[in-house]
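Hi,

Here is the structure I said I would pass on. Have a look at it first, and my notes follow below.

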Amino acid sequence: MAASWETIAAKKRQALADSIPQEWRIPADVMPPESQDDVTGFPEASGWFTPEELAITSATVAELLPKLAAGQLSSEAVTRAFCKRAAAAHQLTNCLSETLFDTAITTAKSLDAHLAETGKPIGPLHGLPISLKDNFNLKGLDSTVGFTSHVGNPATYDAVLAELLREAGAVFYVKTNVPTAMMIAESVNNTFGRTVSPQNRKCTSGGSSGGESALIAFKGSPIGVGTDIGGSLRIPAACTGIFTLKASFGRFPTLRCRSGMPGQEAVASINGPMARTLEDIELYSRAVVGAEPWRKDPRALPIPWRAASLGPKLKIGVMWDDGMAFPTPPVTRALREAVDKLSAAGHEIVEWSSEHQHEGLQLLGRMFVADGGEAIRNELERTGEPWRPEMELYSTATSLSGLQYWQLHAERQDYQKKYLDRWLAAGIDVLLCPTTPFSSVENGKFKHVGYTGVYNVLDYACISFPTGTRVDQAVDVAQDLSTYEPLSPLDKEIQEEYNPAAVHGLMVNLQLVAQRLEEEKCVEMCKVVLQALGQGAPGTNL
């Protein structure tokens, strides 16, 4: 008799817990109580980490790479430090799905030996630990994407991106948790459970790359790779106050990754880096594109990482809301402050209408459920795993005919042309808008991917970035609902549920949107924006 999905999930969770060696299990006498919401200070306060481990895991990629290449830091020491901090992060936030600690240390030792022998690093990422989202196939490991049906079905090959990163000198040591099929904006599934934010464990770390965002915010990874099909990089980055780049399809290789809905290509899933600094995002991007991924992935575009030239001042379109849901008060305040500072720095600010946002989100939703939810249903039925309540859109969907699907593609093309024409007529360099309606939000309450998902339909390059503004419950008070005029029932629900005390002190992210394949320009414009916001050099570690 086949094991029940509950049994499969329980065994998988236990195997994951057992994979953490005793030396990296948090001692009971220093374990934070469950009532402690913010655990980001635990490594420093606990006395359980050595000064060297703290120094290594607090360093940025830009700080680590030169020392690794010169042999001033061994890859083994760096890898061990991040393995330990990642293990702690998992015990406190449930952020991992796989560990490969022994393999990572063996790889690190090999890289150290190569450097000692030849005096040369393997590549631009020599000795650097990099975390990967669960769907990146690594030979011999599961890629469950949250399904119990994929447990015990290890990959027989590596994702192309993993091949490139390994050849560049990266060390893989963990994979991170995702929601079911990677199609929920919070990282929760029936196999591993819920990942929470280390900054407030009552709040979500976002989804679907929420395991990555929680791990990076805890400094359990110097840089990680997530994916994005409707906001799955940008939403988690916003929920934890870190940086991410959502590139256009083709800039980074996607071949041989596991999908929650394989074959769905009406809106492309892309992958990209998540890190605590913009400088680290750029370093990663240069390294991956510099490896010429188009030689390994036939759909990767043969476009090198290019120099982006900006004028002395930017023309910035500002979208205050998307016409469907107003941002919550701290996000509106952060956007207003950013606009004021950019204007004071001499940049031209123009209003960007939300007139086409609803149509874009509707297209996205129709693309997601074009198969009537069958791909997800098939995986759930293999083990009898139930639908999660967050998946109602898929469980109740009706499939389209082939002709209807073709017509949907034609609508998408018309929409892309309409948006492009309006952008060019406005003459803007970049669009500034919220990433989500929230800074973060309490677990189970995330709603609305409209601010991100539209730009997946358009395939535009985007960055979610921390503004330096933090939620202040005394300032960012809830709306007076007796006089508030909501944009929609969804907006009313978001504002009713907004709890300033729950998100007090959390960072607010905003989103920069550039045209398709303008990743380099988006990075350069983000540097300009950060300078105007008083964030200093692009490597500033928030």
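S208 is buried, as its relative accessible area is 1% (buried means under 20%, exposed over 50%, partly exposed in between, with a 1.4 Å probe and protein chains only). You'll find S208 in the loop between β7 (200–204) and α8 (210–217); helices (H or I, at least four residues) and strands (E, at least two) are DSSP runs, numbered from the N terminus. Skipping neighbours within four places in sequence, S208 has contacts (heavy atoms within 4.5 Å) that include K133, N177, M182 and S232.

Before you read on: this is a predicted model, where local features need pLDDT of at least 70 and side-chain atom pairs pLDDT 80 or more, while totals for chains, interfaces and linings use all residues. Residues are numbered from 1 along each chain as its sequence is written, and side-chain values use heavy atoms, without hydrogens and water.

Why look at S208? An unreviewed UniProt entry gives M182, S208, I229, G230, G231 and S232 as "binding site". They're spread over 51 residues of sequence, yet they cluster in space, with a largest C-alpha distance of 10.8 Å. Bear in mind that such annotations may be inferred rather than shown by experiment.

G231, another residue on that list, sits in the loop between β8 (223–228) and α9 (234–240). G231 is buried too, at 0% relative accessibility, and it touches G207, P236, T452 and N456, leaving out residues up to four places away in sequence.

As for the whole protein chain, it has 19 helices and 15 strands, and 58% of its 542 residues count as buried.

Cheers
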